[in-house]
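Hi,

Here is the structure I promised to send over. Have a look at it first, and then read on for what turned up when I went through it.

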Amino acid sequence: MKKLTALAMILGATLSTSAMAKETIALVVSTLNNPFFVSLKEGAQKEADKLGYNLVVLDSQNNPAKELANVQDLTVRGTKLLLINPTDSDAVGNAVKMTNQANIPVITLDRVAAQGMVVSHVASDNRFGRKMAGKFIAKKVGESAKIIELQGIAGTSAARERGEGFKQAANAHKFQILASQPADFDRTKGLNVMQNLLQSHPDVQAVFAQNDEMALGALQTAGKTDVIVVGFDGTADGVKAVEGDKLSATVAQMPDKIGMIGVDTADKVLKGEKVKAINPVDLKLVTQ
């Protein structure tokens with residue numbers, strides 16, 4: 001019995017050490033109050049479980065100060081690698097530099113960091129997505145269409161790149177941009193901004209929103225008219241609205257795949273393997 005007890009203790013200690021040896025990687029998300037980033041987190045968690053990593057997820061609540069505090073906390077918690085979806089591409093620079101000083105590799109997801117050293121970036125081609133949206137709008141309402149654009153959070157690379165891509169599409173199709181106004185990637189703000197803009201521009205023919213949340217907000221007002229609304233991200237709610245013949249289209253990203261590729265890239269970095277500086281993730285246009 002004593003031998004069996006001793007063996008059990010040894011096996012228990014071995015298992016405990018093995019559990020403790022599981023490496024920790026961290027994911028700092030701009031906000032979990034958005035279905036897109038919830039899907040991103042879920043994809044990352046699934047891949048981390050598959051590869052045997054302990055994944056710590058922290059929510060920055062769209063607040064750069066909270067983001068910096070989250071990263072500061074992680075640098076002293078034994079984190080081996082940081083995956084970060086920035087709240088703001090410029091503001092996140094301090095957090096990245098802090099992580100660099102702690103010799104912790106950094107991978108950005110969906111949005112870039114303007115400063116600091118990043119080993120890899122995982123994202124969809126936002127500029128190309130905007131061109132897809134522009135082509136769809138031109139096909140539906142014709143060249144020289146009168147358009148309203150709902151913009152995301154100023155300072156994020158996603159908002160900047162989607163804006164640049166749509167300007168290119170607007171020039172190509174000779175769109176008349178009646179207004180471009182921020183609604184901060186938020187559904188309620190999308191509704192409120194759209195209500196105000198419709199009063200000023202009743203002749204609008206199409207709305208392009210830089211994410212599905214703003215598109216769904218705009219839809220509550222614009223949907224009562226003949227105005228078509230196009231979103232971006234391909235969230236579950238966005239796709240459901242397209243399938244329900246409400247939202248005209250959404251440029252679908254694959255947020256779960258962004259999270260999954262982020263963790264897979266982290267695994268390669270920690271194993272000393274070479275990784276791509278940019279890991280592109282596919283896009284597709286979901287239409288009625």
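Which residue forms a salt bridge with Asp264? Lys268 does, and the closest N and O atoms of the two are 3.8 Å apart. Before you go further, keep in mind that this is a predicted model.

Both Lys268 and Asp264 sit in helix H10 (residues 255–270), 4 residues apart, or about one turn of the helix. An α-helix has 3.6 residues a turn, so residues three or four places apart point the same way. Lys268 is partly exposed, at 33% relative accessible area, and Asp264 is also partly exposed, at 26%.

**Other salt bridges**

The count for the model comes to 8 salt bridges. One of them pairs Lys146 with Asp203, with 3.2 Å between the closest N and O atoms. Lys146 belongs to strand S6 (residues 146–151), while Asp203 is in the loop between helix H7 (187–200) and strand S8 (206–209), so this pair ties together parts that are 57 residues apart in sequence. Lys146 has a relative accessible area of 26%, which makes it partly exposed; Asp203 is partly exposed as well, at 38%.

Then there is Arg187 with Asp237, whose side chains meet in a salt bridge at 3.0 Å, N to O. Here Arg187 comes from helix H7 and Asp237 from helix H9 (residues 236–243), so the pair joins parts that are 50 residues apart in sequence. Are these two buried or exposed? Neither fits those words fully: Arg187 is partly exposed at 28%, and Asp237 is partly exposed at 36%. There is a further partner here, since Arg187, Glu213 and Asp237 are linked in a network of salt bridges.

**Helices H3 and H4**

Two packed helices are described by the angle between their axes and the distance between the axes. For helix H3 (residues 64–74) and helix H4 (residues 93–101), the axes come within 9 Å and cross at roughly 10 degrees. Angles under 35 degrees count as roughly parallel, so H3 is roughly parallel to H4.

Which residues make the contact? From H3 you have Leu68, Val71 and Gln72, and they meet Asn94, Ala95, Met98 and Thr99 of H4. Sorted by class, that contact has 4 nonpolar and 3 polar residues, and no charged ones.

**Leu55**

Leu55 is in strand S2 (residues 54–59). With a relative accessibility of 9%, Leu55 counts as buried. Leaving out residues up to four places away in sequence, Leu55 touches Ile25, Ala26, Leu27, Ala44, Gln45 and Ala48. Leu68, one of the H3 residues in the contact with H4, is 13 residues from Leu55 in sequence, and their C-alpha atoms are 19 Å apart in space.

**Helix H5**

Last item: helix H5 (residues 126–141). Its 16 residues should span 22 Å at 1.5 Å a residue, and the end C-alpha atoms are 23 Å apart, which agrees. The buried residues of H5 are Asn126, Gly129, Arg130, Met132, Ala133, Gly134, Phe136, Ile137 and Ala138. Arg130 is one to look up in the viewer, as a charged residue type on that buried list. Right after H5 comes Gly142, with a positive phi near 95 degrees.

Cheers

Technical notes
Residues are numbered from 1 along each chain as its sequence is written. This is a predicted model: local features need pLDDT of at least 70, side-chain atom pairs count only at pLDDT 80 or more; totals for chains, interfaces and linings use all residues. Side-chain values use heavy atoms; hydrogens and water are left out. Axes are lines fitted to C-alpha atoms, for helices over the stretch in contact, and angles run from 0 to 180 degrees between N-to-C directions. Helices (H or I, at least four residues) and strands (E, at least two) are DSSP runs, numbered from the N terminus. Angles under 35 degrees count as roughly parallel, over 145 as roughly antiparallel, 65 to 115 as roughly perpendicular and the rest as oblique. Contact means heavy atoms within 4.5 Å. The expected span of a helix is 1.5 Å times one less than its number of residues. Buried means under 20% relative accessible area, exposed over 50%, partly exposed in between (1.4 Å probe, protein chains only). A salt bridge is a side-chain nitrogen of Lys or Arg within 4 Å of a carboxyl oxygen of Asp or Glu.
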